[in-house]
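Reader: I have just opened my first protein model, and the terms are new to me. Could you walk me through a few of them?

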Amino acid sequence: MSMRACFINVGHGDSTLLQIHEKGFKESWYGILIDANSEDSPVDLAKYLKDKNTQHLQHVIITHPHWDHMSGLFDIVDAGINVHNIWECKYKHDSPESKDYRDLVKKLEKAGTTIHKPVASTNPVNLLSTTQAYFFGPPQSDKEDIHDASIVVKIIHRYTDSQESKNASILFGGDAECKQSSAGQDCAWDRIYKNYNSYLSSGVLHASHHGSINGCHEEAIKAINPFRTIISVGNKHGLPDKEALKIYEKYSRTSVTLTRDVKPDYCLTWGN
């Protein structure tokens, strides 16, 4: 039982492929994709997946309906890659791109893809027999702005290393932010830190909102206490923010990696 996590250089956007091997599974890997950007990406995402022997995606998690997180889903479907489950937030963005995305999801649902709309909870969801997800966002309320409504998910995989059972964990921040929402509620990271502080600790942190200062919540990052942090970022908008980068470097026990500095990906492996 093992897991490989590949953080892909898709420019200014997000896309991470988890490949999970389970004992007795006839094919090579189960595929889990977290976000799917293809716009201005130096990597052809659909070709990348096929090159990684990923013809089926057991789960696709779209953290929120912004183009730099969902555009690659069209290419994946067009390439004939099967998507069995889609996890998405409840927020419906009012844009032509979002409408196209909604139409695609409806088409996939009619073809047999199961659509899930998780809400924040301390109850884990079983993605595979060895892999669970804790969803810390979005909240129950549907009055959030699009970033505060982002999925924030911690994925835990149980694996064996030298006959010893261990856990690998990655926390994906989506585009959750720290600024006050237009509804006057606490920001997403304030709420997550308040309600799920004891659940946040993770080996790897996928930084929120491409390393922007709005996505950087120092108390939450300290609680996550990651060995390493990944920032999915291109060359737009002056990101990552210099002050945010200092905070990530302060609390990451080994390293901070920017996806724009890798070709085509940065991969980590747990298990035999």
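**Buried residues and salt bridges**

Author: Happily! E88 counts as buried, with a relative accessibility of 2%. This is a predicted model, where local features need pLDDT of at least 70 and side-chain atom pairs count only at pLDDT 80 or more, while totals for chains, interfaces and linings use all residues. Residues are numbered from 1 along each chain as its sequence is written, and side-chain values use heavy atoms, with hydrogens and water left out.

Reader: What makes E88 buried?

Author: Buried means under 20% relative accessible area, exposed means over 50%, and partly exposed lies in between (1.4 Å probe, protein chains only). E88 has 2%, so E88 is buried.

Reader: Why is K117 called partly exposed?

Author: Its relative accessible area is 42%, which falls between the two cut-offs, so K117 is partly exposed.

Reader: How do you know that K117 and E88 meet in a salt bridge?

Author: A salt bridge needs a side-chain nitrogen of Lys or Arg within 4 Å of a carboxyl oxygen of Asp or Glu. For K117 and E88 the N to O distance is 2.4 Å, so the pair fits the rule. By this rule the count comes to 9 salt bridges.

Reader: What makes D265 and K52 a salt bridge?

Author: Their N to O distance is 3.5 Å, so this pair also passes. D265 is buried at 16% relative accessibility, whereas K52, at 21%, is partly exposed.

Reader: Which residues are joined into one network by salt bridges that share partners?

Author: E88, R102 and K117 are.
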